[in-house]
Amino acid sequence: MRPSEITPKSLYLRRREFLKLGAGSALALSFPAFGRPKVDHGPKLVGVKANPKFALPEEKQNSFEDITTYNNFYELGTDKSDPSENAAKLQTSPWTLSVEGEVAKPRKWDMADILKSFPIEERVYRLRCVEAWSMVIPWDGFPLADFLKKHEPTSRAKYVAFESVVQPQLPGIKGFAGIPFPYVEGLRIDEAVHPLSLLVVGLYGETLPNQDGAPIRLIVPWKYGFKSAKSLVRIRLQETQPPTTWSQYAPNEYGFYANVNPDVDHPRWSQSKERRIGEVLRRKTLPFNGYTEVASLYAGMDLRKFY
């Protein structure tokens, strides 16, 4: 048996969690903050302006408590409540983000310079996770395209690679999280510069909480949540497709593209429906998570093969 055919322990445990939904866990998902630690609000972000182009008036936004107590962040633990319980262990100051590779102007940024250099806007996006749950979140950030443009990508920049933080005190780093670290992700350059792709520094007008990927993270709303790497420390532009954590560790379950597609099931569960955190009933999963304006990026591609 090949290693890629063995279900990792962490995925097996998550499968058990998913299967329990039919026997009472739907109620737990409806009240995700129940029994979890209270999360304090962070400092307000200065000058955040809502962008009405990205409003979702027909959909209720999830509460701050939902968004900050039900998370996937393996560096802080594998259970959904672990990131909020262990959030204080992530050290976010000082923080630097390096941009390197196929750019004319590589640079190492600190967070103060990033916040001064890019106007912050609030966009309400759907977040769809591969475990068939979703949220509606008001993210505060700026277009990834604007950030990359500052560094003048060369003609050889075909892909953008992202790397998350590794800090030895984090419980997932110290213990068995089921995946290798650092967490790495990647996009094609046309995906990265699409107007929907964001670098996020806050939510609900406040500094991004640690459990949600502080101090800066990626959001690509038409893809499953694992594509949106958290707590970024390095961005590299390159000519070849970069390795990504889940497509390396479980390639039969997680592909490089990870576009939300209700017609392509995970090997162990259906993706045709999802449960919005805070709701009991399921709803139909929308192609590209509802962001059909990105469909032209994949014209002519077999999205069952390139999942």
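**Note on strand 5 and the largest cavity**

1. In this predicted model, S134 stands opposite R276, a residue of strand 12. This pairing belongs to the contact between strand 5 and strand 12, the latter covering residues 273-276, where the two strands run parallel and are joined by two bridges.

2. Strand 5 also pairs with strand 4, and here the direction is antiparallel, with nine bridges joining the two strands. One position that a new reader may wish to locate is L127, whose bridge partner in strand 5 is M135. Strand 4 and strand 5 together form a hairpin in which three residues lie between the strands, and A132, which sits in the turn, has a positive phi of about 75 degrees.

3. A further partner of strand 5 is strand 8, made up of residues 198-203, and these two strands pair in the antiparallel sense over five bridges. Within strand 8, G202 is the residue that stands opposite D140.

4. Is strand 5 largely enclosed by the rest of the structure or not, and how many of its residues are buried? Eleven of the eleven residues of strand 5 are buried, and strand 5 is therefore largely enclosed by the rest of the structure. The cut-off behind this statement is that a buried residue has under 20% relative accessible area.

5. Turning to empty space, a search of the whole structure finds two cavities of 30 Å³ or more, and the largest cavity holds about 370 Å³ of space. Its lining is made up of 28 residues, and those that lie nearest the centre of this cavity are N72, F73, G225, F226 and K230.

6. Which strands contribute to that lining, with at least two residues each? Strand 4, which spans 121-129, and strand 5, which spans 133-143, each supply at least two residues of the lining of the largest cavity. The largest share of this lining comes from strand 5, which provides four residues. Sorted by class, the lining of the largest cavity consists of 17 nonpolar, five polar and six charged residues.

7. A separate point concerns P94, which is found in the loop that lies between helix 4 (82-85) and strand 2 (96-101). P94 has a relative accessibility of 77% and so counts as exposed, the cut-off for that word being over 50%. Although P94 and M111 are 17 residues apart along the chain, their C-alpha atoms are separated by 8.1 Å.

How values were computed. Residues numbered from 1 in each chain as written. Predicted model: local features only at pLDDT ≥ 70, side-chain atom pairs only at ≥ 80, totals over all residues. Heavy atoms only, no water. 1 Å grid on protein atoms, 1.4 Å probe; cavity = no way out; pocket = protein on both sides within 12 Å on 5 of 7 lines; lining within 4 Å. Points joined across faces, edges and corners; volume = space filled by probe spheres on them. Nonpolar A, V, L, I, M, F, W, Y, C, P; charged D, E, K, R; others polar. Buried < 20%, exposed > 50% of the residue type's maximum accessible area, 1.4 Å probe, protein only. Pairing = 2+ DSSP bridges.
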